[in-house]
Amino acid sequence: MSPRSRAGWSRRRWLAAAGSAACVPFTPKAAARELDPALVARTLARAREWPTLRALMVAHRGELRVAERLRGAALDEPTNVKSVAKTVMAALVGAAIDRGVLRGVEQRIAPLLGELVPPDADPRVGQITIDHLLTMRAGLERTSGPYYGRWVASDDWVGYALSRPFVAEPGGRMLYSTGNYHLLSAILTRASGQSTLALAREWLGAPLGIEIPSWDRGPRGFYFGGNNMALAPQALVRFGEMFRCRGLWRERRVLSERWVEASWQPRTRSFYTGHRYGYGWFITAARGHSVYYAWGYGGQMIHVVPELELTVVMTSDPDSPSGRTGYARELHRLVSDGFVAAAEAAGGAGGS
């Protein structure tokens, strides 16, 4: 039995869920054509050689073209997507702003967190805005990388993150820090009166028709804001397609078009990759086309290429590093040389 059959997943089922036209394209195109089959076949053969790659799904022009369970869980079974949770959390912030739960990205976080701010916190905490957290430019010492263990071992993840020394000014350079996104989870809970899990299920799970299982909480009860969320590859495709469709899924408004545009506006740059960063999305280019991607430890990826109406999802072993090993670069190359090139050959806009 094929991997797709074992997953209980088929192109026909996905199309039935997505509809014949998943969204209005970004730019008018000719009638849909299949991705170049020879390029896709070579790309899949290459993907199957990587022992840590678990699932690969590709949607093109609203149709599922590739659904490969390479190893591990089925395509409709939730798996740990690590820091892709940050991209989901940023979407929840946008949904909160769309609904008036939060005023906007320039809102300062200290009044929203209230007594959760340590009394001896640096006064500059009062300058931090929601925008600073979304772009990881709060200026506080990081809670990721070598600092992560001490942070999650503390008895107050919110207070610990806010009590870190300032190593940059608020609004300065990007300092990749999961603590920034955990603060957003606490803010969403306090502002809405509902848990982040409840908001995720109501604002994203229900309209997208996806399962969002419970995930880790911090010692104060707030759901982990930037790590260890479990979503199925199928769910990641719908989430990516919703962004590609500027906030729509099956003609239902999930996020405002304005929030999608704001999320994909370059606002800072990663020290590690050199890629730009918006609100929860990294920004790069492939063969002359803008690419927006979510990235979780181990190689959990959502690539969206709006110009080519392309969404690529990959999940990998969540316990194997992907940054320092070069694996993440290989995944980017797989998308660029494989599926972006195949979409160009199908009649999309010309690449470089």
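1. Let's start with how two helices meet. In this predicted model, helix α3 passes helix α13 in a left-handed crossing. Helix α3 covers residues 37–47 and helix α13 covers residues 327–345. Their axes come within 8 Å and cross at roughly 165°. Because angles over 145 degrees count as roughly antiparallel, α3 is roughly antiparallel to α13. When you look at a pair like this, remember that two packed helices are described by the angle between their axes and the distance between the axes.

2. Which residues make the contact between α3 and α13? On the α3 side, look for Leu39, Val40, Thr43, Leu44, Arg46 and Ala47. On the α13 side, they are Glu330, Arg333, Leu334, Asp337, Gly338, Phe339, Ala341 and Ala342. Sorted by class, this contact has 8 nonpolar, 2 polar and 4 charged residues.

3. Now step back to the whole protein chain, which has 13 helices and 12 strands. It has 352 residues, and 61% of them count as buried. Among contacts with a separation of 6 or more, 67% are between residues 24 or more positions apart. Keep that in mind for Leu102, which comes up again in the last point.

4. The sheet is a good thing to trace with your finger. Its 8 strands form an open sheet in the order β2-β1-β12-β11-β10-β9-β8-β7, with antiparallel pairing. Which strands are at the edges? They are β2 and β7, the latter at residues 268–269, and each pairs on one side only. As background, strands of a sheet pair through backbone hydrogen bonds, either parallel or antiparallel.

5. Take the β2 edge next. Strand β2 spans residues 63–69, and 7 of its 7 residues are buried. It pairs with strand β1 (residues 53–60) in the antiparallel sense over 6 bridges. One partnership to find is Leu56 with Glu68 in β2. The two strands form a hairpin with 2 residues between them, and in the turn Arg61 has a positive phi of about 55°.

6. Strand β11, residues 300–305, is also worth your time: 6 of its 6 residues are buried. Where do its side chains point? Gln300, Ile302 and Val304 point one way, while Met301, His303 and Val305 point the other way, and all are buried. That fits a general pattern: in a regular strand the side chains alternate between the two faces of the sheet.

7. Strand β11 has a partner on either side, so to speak, in the order β12-β11-β10.

   - With β10 (residues 289–296), β11 runs antiparallel, joined by 5 bridges. The bridge partner of Ala294 is Ile302, and that of Tyr293 is His303. Their hairpin has 3 residues between the strands, and Gly298 takes a positive phi near 95°.
   - With β12 (residues 310–316), β11 pairs in the antiparallel sense over 5 bridges. Here His303 stands opposite Val312. This hairpin has 4 residues between the strands, and Glu309 takes a positive phi near 55°.

8. Helix α4 connects the sheet story to the helix story. It lies across β10 and β11, running at about 110° to β10. Helix α4 also meets helix α9 (residues 178–192): the axes come within 10 Å and cross at roughly 35°. The crossing of α4 past α9 is left-handed. From α4, the contact uses Lys86, Met89, Ala90, Leu92, Val93 and Ala96. From α9, it uses Thr178, Tyr181, Leu184, Ser185 and Leu188. By class, the contact of α4 with α9 has 8 nonpolar, 2 polar and 1 charged residues.

9. Finally, find Leu102, in the loop between α4 (84–98) and α5 (109–113). Is Leu102 buried or exposed? Leu102 is buried, because its relative accessible area is 3% and the cut-off for buried is under 20%. Leaving aside neighbours within four places in sequence, Leu102 is in contact with Val93, Ala96, Ile97, Gln107, Leu112, Ile130, Ile187, Leu188 and Ala191. Try following one of these in the viewer: Ile187 is 85 residues from Leu102 along the chain, yet their C-alpha atoms are separated by 9.1 Å. Val93 and Ala96 of α4 and Leu188 of α9 may look familiar, as they also belong to the contact between those two helices.

Terms used: Residues numbered from 1 in each chain as written. Predicted model: local features only at pLDDT ≥ 70, side-chain atom pairs only at ≥ 80, totals over all residues. Heavy atoms only, no water. Axes fitted to C-alpha atoms, helices over the stretch in contact; angles between N-to-C directions. Parallel < 35°, antiparallel > 145°, perpendicular 65-115°, else oblique. Left-handed = near helix turned anticlockwise from the far one by under 90°. Contact = heavy atoms within 4.5 Å. Nonpolar A, V, L, I, M, F, W, Y, C, P; charged D, E, K, R; others polar. Buried < 20%, exposed > 50% of the residue type's maximum accessible area, 1.4 Å probe, protein only. Pairing = 2+ DSSP bridges.
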